[in-house]
2 protein chains.
Amino acid sequence: MSEIYTVIMAGGSGTRFWPSSRRRKPKQFLPLGDGITPLLTATVRRVAPLSSPDHVLIVTRSDLAEATHEACPEVPPGNILLEPVGRNTAPCVAWATAVIRRRSPDAVVVVLAADAHISDEPAFVAALRVAAAAATTGAIVTLGITPTRPETGYGYLHVGENFAGAPEGVRVVQAFVEKPDAARAEQYFRDGQHLWNAGIFVFRADVMARAVRLHLPGVADATAAFDRAAEVGTVEEVHEVNARYPGLPNVSLDYGVMENEHAVAVVPVDCGWSDVGSWQAAWELGLKDGAGNVLAGVEATVVDARGNVVVAPAGKVVALVGVSDLVVVDTGDALLVMSRDRAQDVKKAVDALTEAQRHEVL
Amino acid sequence: MSEIYTVIMAGGSGTRFWPSSRRRKPKQFLPLGDGITPLLTATVRRVAPLSSPDHVLIVTRSDLAEATHEACPEVPPGNILLEPVGRNTAPCVAWATAVIRRRSPDAVVVVLAADAHISDEPAFVAALRVAAAAATTGAIVTLGITPTRPETGYGYLHVGENFAGAPEGVRVVQAFVEKPDAARAEQYFRDGQHLWNAGIFVFRADVMARAVRLHLPGVADATAAFDRAAEVGTVEEVHEVNARYPGLPNVSLDYGVMENEHAVAVVPVDCGWSDVGSWQAAWELGLKDGAGNVLAGVEATVVDARGNVVVAPAGKVVALVGVSDLVVVDTGDALLVMSRDRAQDVKKAVDALTEAQRHEVL
C-alpha cells in the first residue's frame with residue numbers, strides 16, 4: 001500500500017483565546033484539550049498510527065518556525081514548510097502536495113488543521129484508514145463529522161448515495177454547503193443527510209496535483225516553480241517560495257478545488273471532533289472537578305464556585321469564591337475575567353487593546 | 001492650650017483583604033480609600049491639623065516596624081512603639097499615654113485606629129477639636145458616628161443628656177452597647193439615641209493614667225516599669241516592654257476602662273466614617289467609572305462590565321467582559337476572583353490556604 005503523509009495546516013492568528021493566544025502564539029500552541037498538550041502536538045501524536053513524524057509536514061507562518069519546532073521536536077525541521085504570508089488553504093495544500101510527490105510519488109496525503117480536538121482518536125484514525133483506502137482508487141475523500149447539535153458556525157457536507165467502488169459507508173458529497181442560518185442548521189441536524197465539514201481531506205498526491213492544475217493553474221505553476229528551485233537547493237526553494245507566495249490567490253481548498261470536483265467521497269465519522277472555537281469550547285472539553293470547574297494545572301482554592309474555566313501561570317495561587325460560569329485567564333502580563341456565555345466578545349477586548357496600541361499583549 | 005498628641009493603633013492581622021493583605025502587610029498598608037494612599041498614611045495626614053508628625057505615635061507589631069516607617073517617613077522612628085505581641089487596645093493605649101506624659105505632662109491624647117476611612121475630613125477634625133476642648137476639663141471623650149444604616153457589625157454608644165460643663169452638643173455616654181442583632185440594630189438606627197462606637201477616644205494623659213491605675217492596676221504597674229526603664233535608656237525600655245508585654249491582660253480599652261468610668265462624654269459626628277471592613281466596603285468607597293467599576297490605578301479594558309472592583313499590579317493589562325459585581329484582586333503571586341456579595345467568605349479561602357500550608361501567600 002502507498003505511504004501515507006499527513007499535512008498539518010498550522011497558520012492562524014486567532015484572537016479568540018486572548019490573552020493566552022497572541023500573534024506569536026496562536027491557538028495551536030495552547031493546551032486546550034487536556035490542559036497540558038498543545039493542540040498541534042496532540043495533532044502530530046494523533047496521526048502517528050498513519051504517518052510517522054518524518055511523514056508529517058507542517059505548514060505554518062515563517063515567524064512561527066521556532067515555536068512549531070519546539071512544539072513538535074520529533075518532526076524533522078525540513079518538514080516544516082514556512083509561508084511568508086497566509087494565502088488560505090489551497091496554495092498551502094498544493095505546495096505541501098508537491099513536496100510530498102517529490103519524496104513519494106504514490107503517496108496518499110491526509111490534510112487537516114492543527115487546532116482541533118478529537119475525543120475518540122481510535123474512531124478518527126479508523127475513519128482516516130477507510131478514507132485512505134478509498135483515496136488509493138483515485139478519489140478525493142473528505143471526513144464528514146456527525147453533527148451533535150444544530151451548529152451555525154460550521155459549513156456542512158450534503159451527502160448522497162454510496163460512492164461507487166469504495167468501501168461500505170463511504171458516500172458521495174452532493175454539495176459543499178455554507179454556514180447555515182439557525183432554521184436551516186436545525187433541518188440539517190435532523191435530516192440525516194448533512195455532516196459537518198471539518199476541512200479534513202485525503203487524496204493521492206498525483207490526484208490533487210491534477211485537480212490543482214485543472215482548477216487553479218496559477219497555483220500549479222507556482223508549485224512547479226518551487227519544485228524546479230528545490231532541485232537546485234533549499235536556499236533557492238525558499239527564495240522562490242518567498243518571491244511567489246504573496247502573488248498567489250487567497251482561496252480555500254474547498255472553494256478553489258473541492259466544489260469544482262464532481263466526484264468527492266465522504267467518510268462519515270462520529271469521533272468527538274471540535275474546532276475548539278472559544279473559551280466556552282475549552283470549558284466544554286476540559287476535565288471538570290465536582291462543581292464543573294476546569295482547573296487543569298492551576299493551584300486553585302475553590303469556595304462555592306461552579307462552572308468556571310481558569311488558566312494561570314505555574315505556581316500562582318488562585319482563589320474562586322462564590323463565582324459561576326466565568327472564564328479567568330491570567331498570563332502574567334494580562335488578565336481576562338469574562339462571563340463564559342460572552343466568550344465570543346473577547347474579540348471586543350482585543351479590538352480595544354489594538355486601538356490602544358497595546359501591542360505587547362497582543 | 002495643651003498640646004495634642006495622636007496615638008494611631010496599627011496592629012492587626014486581618015485576612016479580609018487577602019490577597020492584598022498578608023501577615024506582613026495588614027490592612028492599614030493598603031490604599032483602600034482613594035486607591036493610592038495607604039490607610040495608615042492617610043490617617044497620619046488626616047490628624048495633621050491637630051498633631052504634627054512628631055506628635056503622632058504609632059503602636060504596631062514588631063515585625064511591621066519597617067513597613068510602618070516606610071508608610072509614614074515623616075513620623076520620627078522614636079514615635080513608633082513596637083509591641084512584641086498584641087494585647088488588644090487597653091495595654092496599647094496605657095503604654096502610649098505613659099510615653100506621652102513623659103514628653104508633655106499636660107497633653108491631650110487622641111486615640112484612633114490606623115485602618116479607617118473618613119470621607120469628610122474637615123467635619124472629623126472639627127469634632128476632634130470639640131472633643132479635645134472637652135477633654136481639657138478632665139473628661140474622657142469619645143466620638144460617636146451618626147449611623148447611616150442599621151449595622152450589626154459595630155458596637156453602639158447609647159447617648160444621654162448634655163455633658164455638664166462641655167460645649168453645646170457634647171453628650172453623656174449612658175452605656176457602651178455590644179454589637180446588636182438585626183432587630184435591635186434597626187431600633188438603634190431609628191431612635192436617635194444611638195451612635196456607632198468607632199473606638200476613637202480623646203483624653204488628658206493624666207486622666208487616662210489615673211483611670212488605668214484604677215481599673216487595670218496590673219497594666220499601670222507595667223507602664224510604670226516601662227517609664228523607669230526608659231529613664232535608664234532606650235535599650236532598657238525595649239527590654240522591659242518585651243519582658244512584660246506578653247504577661248499583660250488581653251483587654252480592650254472599652255471593656256477594661258471606658259465601661260467602668262461613669263462620666264464619659266461623646267461628640268456626635270457625621271463624617272463618612274467607615275472601618276473598611278471588606279472588599280465590599282472597598283468597592284463602596286472607591287472612585288467609580290460610569291458603570292460602577294472601581295479600577296483605581298488599573299489598566300483596565302471594560303466591555304459590558306458593571307459594579308466590579310479590581311486590583312492589579314502596575315503595568316498589568318486587565319480585561320473585563322460581561323461580568324458584574326465581582327472582586328478581582330491580582331497580586332502577582334495570587335489571584336482572587338470573588339462575588340462581591342460574598343466578601344465575608346474570603347476568610348474561607350484563607351483558611352483553606354492555611355490548611356494547605358501555603359504560608360508564602362498568607
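**View 1. B:Gly332 beside the rotation axis.** Of the residues of chain B, B:Gly332 comes closest to the rotation axis, with its C-alpha at 3.6 Å. This is a predicted model in which local features need pLDDT of at least 70, side-chain atom pairs count only at pLDDT 80 or more, and totals for chains, interfaces and linings use all residues. Residues are numbered from 1 along each chain as its sequence is written, while chains are lettered from A and ligands numbered from 1 in the order in which they are written. Chain B is superposed on chain A by a rotation of 180 degrees with 0.0 Å of shift along the axis (RMSD 0.0 Å), the fit being by least squares on the C-alpha atoms of residues with pLDDT of at least 70 in both copies. The two copies are thus related as by a two-fold rotation axis.

**View 2. The interface between the copies.** Of the interface residues of chain B, 100% are also interface residues in chain A, so the copies meet through the same surface. Two residues are in contact if their C-beta atoms, placed from the backbone, lie within 7 Å.

**View 3. A sheet with strands from both chains.** An open sheet of 5 strands runs in the order β12(A)-β14(A)-β16(B)-β15(B)-β13(B), with mixed pairing. Strands are DSSP runs (E, at least two residues), numbered from the N terminus, and two of them pair if DSSP finds at least two bridges between them. β13(B) and β15(B) (residues 326-330) pair in the parallel sense over 3 bridges. B:Val310 stands opposite B:Val328 in β15(B).

Methods:
Helices (H or I, at least four residues) and strands (E, at least two) are DSSP runs, numbered from the N terminus.
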